[in-house]
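Reader: I should be grateful for a close examination of a single helix in this structure, covering its extent, its buried face and its side-chain pairings.

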Amino acid sequence: MAAKVELDIKATEAAFVEAIHKETKKGWNNISGLVAAQSKMMTQQAAWIAESSAYGALKDDPDLRKMFADQLASSVESLSRDIAALSILTVEQVWNAAVGVLWNAINKVIASATGGLLALPVL
C-alpha cells in the first residue's frame with residue numbers, strides 16, 4: 001500500500017503567492033513600459049496645447065484648439081484601452097498561474113491515492 005500523501009498547505013500557499021506575484025509583476029512591467037513610452041509624447045502635446053492656447057497660434061483659434069485637444073483625448077483613450085487589454089491579459093496569466101499551483105497540489109495527492117486527476121477549471 002502506498003504511503004498517504006497530503007497537500008503541503010504552507011508550501012502550496014507560498015507557491016500560490018509567488019506565482020501570483022510573478023505574473024502581476026510581469027503585467028505591471030508591461031503596462032508601465034507602455035505608459036512610460038506614451039507619457040512623454042502626451043505631456044509634451046499637452047504643454048504645447050497649453051502654451052499655444054495662452055500665448056501662441058491657438059490663442060485666437062478655438063476650433064483649432066479643440067481639434068488638438070480632441071487628438072490628445074483620443075490618444076489618452078487609446079492608451080487606456082491598451083492598458084485595459086494588458087490588464088485582461090494579466091488577469092488571465094494570474095488565473096493560469098494560481099490554478100496551476102493549486103491543481104498541481106491537489107492532483108499530487110489524488111494521483112498518489114487513486115491514479116486519477118482533477119481537470120483544470122476554465123476561466
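Author: A residue is called buried here when its relative accessible area is under 20%, exposed when it is over 50%, and partly exposed in between. The model is a predicted one, and the element considered is helix α2, which comprises residues 62-114.

Helix α2 has 53 residues. From its first C-alpha to its last it reaches 75 Å, close to the 78 Å expected at 1.5 Å a residue. The residue that follows α2 is Gly115, whose phi is positive, near 80°.

The buried positions of α2 are Leu72, Leu79, Thr90, Val94, Ala97, Ala98, Val99, Val101, Trp103, Ala105 and Asn107. These buried residues pack against α1, the helix of residues 9-55.

Part of the relation between the two helices can be followed through Gln45, which lies in α1. Leaving aside neighbours within four places in sequence, Gln45 is in contact with Phe68, Gln71 and Leu72. Of these partners, Leu72 is among the buried residues of α2. Gln45 itself counts as buried because its relative accessible area is 17%, under the 20% limit.

Phe68 also takes part in an aromatic pair. One such pair is counted, formed by Trp48 and Phe68, with 4.7 Å from centre to centre and 70° between the planes. The arrangement is edge-to-face, because planes over 60 degrees apart are classed in that way. The pair links distant parts of the chain, with Trp48 in α1 and Phe68 in α2, 20 residues apart. Trp48 has a relative accessible area of 38% and is therefore partly exposed.

Salt bridges complete the account. A search of the whole structure finds four, and two of those may be described within α2. Asp70 is joined to Lys66, with the closest N and O atoms 2.8 Å apart; both residues lie in α2, four residues apart, about one turn of the helix. Asp70, at 40% relative accessibility, is partly exposed, whereas Lys66, at 51%, is exposed.

Glu77 forms a salt bridge with Arg81, the closest N and O atoms being 2.7 Å apart. Here too the partners lie in α2, four residues apart, about one turn of the helix. Glu77 is partly exposed at 41% relative accessibility, and Arg81 is exposed at 56%. The spacing can be read in terms of helix geometry: an α-helix has 3.6 residues a turn, so residues three or four places apart point the same way.

Key
Residues are numbered from 1 along each chain as its sequence is written. Side-chain values use heavy atoms; hydrogens and water are left out. Rings of Phe, Tyr and Trp (its six-membered ring) pair if their centres lie within 6.5 Å; planes under 30 degrees apart count as stacked, over 60 as edge-to-face and the rest as tilted. Buried means under 20% relative accessible area, exposed over 50%, partly exposed in between (1.4 Å probe, protein chains only). Contact means heavy atoms within 4.5 Å. The expected span of a helix is 1.5 Å times one less than its number of residues. A salt bridge is a side-chain nitrogen of Lys or Arg within 4 Å of a carboxyl oxygen of Asp or Glu.
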